[in-house]
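Got the viewer open? Grab your selection tool and follow along, one stop at a time.

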Amino acid sequence: MDFDTSVKLNIYEMIARTTRMPALIDIALGLGSSMADVEQAFQRLYEKRLLVLEPGTTSRIRMAPPFSGIETQHRVKIEDKVYFANCAWDAFGIATALKRDADIESTCPDCGEPLAFQIREGKPLPQECVVHFAVPAARWWKDIIYT
Amino acid sequence: MLFFRSEEHVDQWCKVNGVTKRPLVSLDQLWQLAVTWYGNRLTVESRRPGPDEMVKIFSEIGLEGPFWDPKSDQWASTS
């Protein structure tokens, strides 16, 4: 396994276990690598669109899709853990990545009313709801945090 | 990519916020996207689909046209 893949898997393993986005030093310690090497791997993973760094930084992870490094309106509860997703797609993505039943809470941005979704045995239970994609695919990575 | 209670709520939100209304996606379509994109994200083999793969994935669940084409230049001047 190459170094970047090891870094990526280490990030995801830590998020899955703790629900929190790991710091650069956590990854370096976990892999027994230098912080400089891990920082360079972060940049390469960003260029492959597998990681999003906090704007203006080279070492703080904002997104390891589908997981968010900050609290958002999309909460995904799996067993006794609560994860935050970057968007509607990623909320479902956390359930598929972890392959578990999930209870998802979000909010309708128009009326502010809560929305709840249940993922059971590999699929969402029926729910009255639609998802709006505001940004065309060709522009998703122009501003992935807004997207 | 946001959940809305209904299409009427999308219309109202777009009007209030000056956002152009774009395609709506059903929960079933969203689930298929999530499975395809993230189903193996925690594995060694995981990688993000390339542009042509993305078009194929979208098309297979009924999402077609330039909005779903990551190589489309139709949106170059939009914000």
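Start where two helices from separate chains meet: H4(A) crosses H2(B) in a right-handed sense. Bear in mind as you look that this is a predicted model. Select both helices and turn the view until you see their axes, which come within 8 Å and cross at roughly 55 degrees. That angle makes H4(A) oblique to H2(B).

Now show side chains. On the H4(A) side, pick A:Ala88, A:Trp89, A:Phe92, A:Gly93, A:Thr96 and A:Ala97; facing them from H2(B) are B:Leu30, B:Trp31, B:Leu33, B:Ala34, B:Val35, B:Trp37 and B:Tyr38. Colour this contact by class and you get 11 nonpolar residues, two polar ones and no charged ones.

**Stay on H2 of chain B**

Select residues 27–38 of chain B to get the whole helix, 12 residues in length. Put a distance label between its end C-alpha atoms: they are 16 Å apart, which agrees with the 16 Å expected at 1.5 Å a residue. Next, which residues of H2(B) are buried? Highlight B:Leu27, B:Leu30, B:Trp31, B:Gln32, B:Leu33, B:Ala34, B:Trp37 and B:Tyr38. What do the buried residues of H2(B) pack against? From chain A, bring up helix H4 (88–98), strand S8 (123–124) and strand S9 (130–132); from chain B itself, add strand S2 (24–25).

**Zoom out to the chain contact**

Select everything in the contact between the chains: 39 residues from chain B and 37 residues from chain A. On the chain B side, the elements giving two or more residues are strand S1 (2–4), helix H1 (7–17), S2 and H2. H2(B) supplies the largest share of that side, eight residues. Colour the chain B side by class and it splits into 25 nonpolar, seven polar and seven charged residues.

**Over to a helix pair inside chain A**

Select helix H2 (residues 24–31) and helix H3 (residues 35–47) of chain A, whose axes come within 9 Å and cross at roughly 115 degrees. H2(A) and H3(A) are therefore roughly perpendicular to each other. Their crossing is right-handed. For the contact itself, show A:Leu24, A:Ile25, A:Ile27 and A:Ala28 from H2(A), then A:Met35, A:Val38 and A:Glu39 from H3(A). By class, the contact of H2(A) with H3(A) has six nonpolar residues, no polar ones and one charged one.

**Backbone oddities in chain A**

Most residues other than glycine have a negative phi, and most peptide bonds are trans. The next three stops go against that habit.

- Centre on A:Pro65 and A:Pro66, which are joined by a cis peptide bond with omega at about 10 degrees. A:Pro66 sits in the loop between strand S2 (61–64) and strand S3 (67–68) of chain A.
- Jump to A:Glu79, a residue other than glycine with a positive phi, near 55 degrees. You'll find A:Glu79 in the loop between strand S4 (74–78) and strand S5 (81–85) of chain A. Is A:Glu79 buried or exposed? Exposed: 9 other C-beta atoms lie within 10 Å of A:Glu79.
- Finish at A:Lys99, where phi is again positive, near 55 degrees. The loop holding A:Lys99 runs between H4 and strand S6 (102–107) of chain A. A:Lys99 is exposed too, with 12 other C-beta atoms within 10 Å.

Terms used. Residues numbered from 1 in each chain as written. Chains lettered and ligands numbered in written order. Predicted model: local features only at pLDDT ≥ 70, side-chain atom pairs only at ≥ 80, totals over all residues. Axes fitted to C-alpha atoms, helices over the stretch in contact; angles between N-to-C directions. Helix = DSSP H or I, 4+ residues; strand = E, 2+ residues; numbered from the N terminus. Parallel < 35°, antiparallel > 145°, perpendicular 65-115°, else oblique. Left-handed = near helix turned anticlockwise from the far one by under 90°. Contact = placed C-beta atoms within 7 Å. Nonpolar A, V, L, I, M, F, W, Y, C, P; charged D, E, K, R; others polar. Expected span 1.5 Å × (residues − 1). Buried ≥ 20, exposed ≤ 12 C-beta atoms within 10 Å, placed from the backbone.
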